[in-house]
Amino acid sequence: MWAKKRLNVQGNTVDSGFSAEFSFPLLKGNPNTALNDMHSIVLTEKLAKELFGNEDAMGKVIKLDNKDNFTVTGIAKNLPNNTRFDFEYLIPWSYLRYRGDDDSSWGNNSTRTYVMLKPNATLASIAPKVKTLKTKYATEDPKWEMFLYPMNRWRLYSNFTNGVEDGTGK
């Protein structure tokens, strides 16, 4: 029997490796595989409780936006207050690709991309390579360059003027 419950909550679309790379621990499910299937969904413990009460949410099916069904494959610990991330659920990027909504244009600046450097790599050694990626692959007029910015500088120094860090934070 299907229960109808409508909620308006914030979700994100992420790469399947998101849970393994970031420190948002899963209380249930495997962080390495939870988002491998394009119709899988990871809920925060708060949203799981809102939707299913005290029932185990794992394996349950949720319909998003009255479009497609997703199976709960993970329950994430609620997000701390001191994070830049804001979501109650995660779905895999492969779902957007399946629907044709992944906009793979190099001119698309709407998707946050996070890079983890290999252990011996430095920002200084990678930066020149990243800077030229758009001009190398873009089919549209490449009027801007790409750059990497370390997460440990986001809070205090993440404002830019003409592409250069101006020493102030948000």
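**Figure 1. Overall fold of the chain in the predicted model.** Read along the sequence, the elements of the chain succeed one another as β-α-β-β-α-β-β-β-α-α-α-α-β-β, which comes to six helices and eight strands in this predicted model. The C-alpha trace spans about 55 × 35 × 30 Å along its principal axes. Of the contacts in the chain with a separation of 6 or more, 60% are accounted for by residues that stand 24 or more positions apart.

**Figure 2. Surface and buried residues of the chain.** The chain has 170 residues, and buried residues make up 26% of them. The area that the chain exposes is about 12100 Å², with 50% of it supplied by carbon and sulfur atoms.

**Figure 3. Close-up of D68 in strand β5.** D68 belongs to strand β5, which covers residues 68-76, and D68 counts as buried because its relative accessible area of 17% falls under the 20% cut-off. The side chain of D68 makes a polar contact, at 2.5 Å, with the side chain of Y95. When neighbours within four places in sequence are left aside, the residues in contact with D68 are H39, I62, K63, R99 and, again, Y95.

**Figure 4. Close-up of the second largest pocket and its lining.** The second largest pocket has a volume of about 410 Å³ and is lined by 13 residues, among which N82, T83, R84, M151 and W154 lie nearest its centre. Sorted by class, the lining of this pocket consists of six nonpolar, four polar and three charged residues.

Methods. Residues numbered from 1 in each chain as written. Predicted model: local features only at pLDDT ≥ 70, side-chain atom pairs only at ≥ 80, totals over all residues. Heavy atoms only, no water. 1 Å grid on protein atoms, 1.4 Å probe; cavity = no way out; pocket = protein on both sides within 12 Å on 5 of 7 lines; lining within 4 Å. Points joined across faces, edges and corners; volume = space filled by probe spheres on them. Nonpolar A, V, L, I, M, F, W, Y, C, P; charged D, E, K, R; others polar. Helix = DSSP H or I, 4+ residues; strand = E, 2+ residues; numbered from the N terminus. Buried < 20%, exposed > 50% of the residue type's maximum accessible area, 1.4 Å probe, protein only. Polar contact = N/O pair within 3.5 Å; in protein donor to acceptor, adjacent residues only side chain to side chain. Contact = heavy atoms within 4.5 Å. Areas by Shrake-Rupley, 256 points an atom, 1.4 Å probe, with all protein chains shown as cover.
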